[in-house]
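Visitor: I would like a close look at a single part of this protein. Please take it slowly and explain the terms.

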Amino acid sequence: MKFTLQAQDKLSKARAGVVETAHGPIQTPIFMPVGTAGTVKAIHQHELKNDIEAQIILGNTYHLYLRPGLNVLNKAGGLHKFNGWDRPILTDSGGYQVYSLTEVRKIKEEGVTFRSHIDGSKHLFTPENVMDTQRIIGADIIMAFDECTPYPCDYGYARRSLDMTHRWLKRCVDRFDSTDPLYGYDQTLFPIVQGSVYKDLRIKSAETIASFNREGNAIGGLSVGEPAEEMYAMTEVVCDILPHDKPRYLMGVGTPVNILENIALGVDMFDCVMPTRNARNGMLFTQNGIINIKNEKWKDDFSPIEVESDLHADQFYSKAYLRHLIKSQEILGAQIASLHNLHFYLWLVNQARERIIDGTFYDWKNKMVKILDQRL
C-alpha cells in the first residue's frame, strides 16, 4: 500500500491524498460505508459503485467469522469474490464487537473468549488467530486486535488496557509478517491508538503505534459516548504525533459535523453505521441540515427528496412518498433512505477534498458545520 499527500490546507491540518491498494486507489479524505456482514445494508454493489461512488467498504471480522464462516469465505476466494465488490475492502478486527458483548466475554492476556450472539457457542479471539482470520477474509486493509475501552473508564483500567493492546499489537505484527496473503495480492496492517480520553495515554499510545512503522494507522476508542470536545481533543493530540506521510483512520466516526471537524484535525479516513442505521429510522442528512422524514410536515411535500443532489433516487422520489414508505415499514423506504445518506456522506468528503485542494476548506468547513446540524 502506498499513500501520497497531494494538498494541505493552510488554515487547518486538513489534507488531501491518495491511498493505492491492490484493488484500486482511494482518494482521501474518504468515508467508508460499513458492510458489517459482507453487505452494506439495503444497498446493491452496483449502487455502491455507480450511485454512491464508494471507493472502499468495510467488513467486520467478528460477524464474518461467525457467519458465513471462514470455510465459506476461503472456498469463495475471499470476501471480494464472495460479495462481488472489486474495489478496496477494510476489515476491523472484531475488537469493538467483542467489547460490546460485555456480558458474554472474558479478556485475558491470551485473548478474548466470548459467546456468539447467534447461538451462544464459545469462541476465542487471539491476536494471532485474528490475523489469520483477516488473511482468509482477504481485505486490503486489516486492523490489529485491540481492546476498546468503554466511556467513562477509570485511568488505571485505561492504562492497563492500553499496555495489553500494545502487547497484542506486537503479536499481531509478528503473525502478520510471518504469514503470506492467500489470494495473490498484498494486504496492509493498521495498528490502533487507544488510551480513552487521557492525554498522556493517548500520547504514549500514538508514539508506540508510530514506532511500529506500518503503512497506515488507526485511532480507536472514540465515539463511544464521550462528548465531541473530548473526541476532538484526543484526535488532535494523536494526529500531531502519528506520521505525516501515512493515512490516519478515525474508527467509527460519525456525524457529518464530526467528520468535517476531524478532517480539519488531520484525519484521512472514516467509517460509521450512522448513515445507514439512521436512514432505516427515517433520518436523512442533507446539504441543508437534518430531516426526520417521519414528521407530519413532509406528509404532502411532493418535492424531490433533495433538490441539490445529483442522485437519481433523490430526484425521482418525493419526500411524501419516502415518508409513506418509512411509515409503512416498506423495505424500499430503507433502501432509498440508505442510498441517499451514503451518497450525501460521500458527497461531503469529496467536497472537503476539493476545498482542501483549492485552498478554501477552512471557511467552507466553518460555514457547513453550522448548516449541517440544523433540524429542518
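Guide: What follows is a short tour of helix 13 and its surroundings, with a stop at two buried residues.

This is a predicted model, where local features need pLDDT of at least 70, side-chain atom pairs count only at pLDDT 80 or more, and totals for chains, interfaces and linings use all residues. Residues are numbered from 1 along each chain as its sequence is written, and side-chain values use heavy atoms, with hydrogens and water left out.

Start with helix 13, residues 319-327. Helices here are DSSP runs of H or I with at least four residues, strands are runs of E with at least two, and both are numbered from the N terminus. Buried means under 20% relative accessible area, exposed means over 50%, and partly exposed lies in between, using a 1.4 Å probe and protein chains only. In helix 13, the buried residues are Lys319, Ala320, Leu322, Arg323, Leu325 and Ile326. An α-helix has 3.6 residues a turn, so residues three or four places apart point the same way.

What do these buried residues pack against? Their partners are helix 11 (274-280), strand 16 (283-286), strand 17 (289-292) and helix 14 (331-358). After helix 13 comes Gln329, with a positive phi near 60°.

Now step into helix 14, where Ser338 sits. Ser338 counts as buried because its relative accessibility is 0%. Contact means heavy atoms within 4.5 Å. Leaving out residues up to four places away in sequence, Ser338 touches Lys41, Ala42, Ile43, Thr276, Ala279 and Arg280.

Turn next to helix 12, residues 312-316, which holds His312. His312 counts as exposed because its relative accessibility is 55%. The C-alpha atoms of His312 and Asp268 are separated by 28 Å, and the two residues are 44 apart along the chain.

Asp268 lies in the loop between helix 10 (256-264) and strand 15 (269-271). Asp268 counts as buried because its relative accessibility is 0%. Its side chain joins that of Arg15 through a polar contact of 2.8 Å. A polar contact is a pair of N or O atoms within 3.5 Å; within protein, one must be able to donate a hydrogen and the other to accept it, and residues adjacent in sequence count only if both atoms are side-chain atoms. Beyond its neighbours within four places in sequence, Asp268 is in contact with residues including Phe3, Thr28, Pro29 and Lys246.
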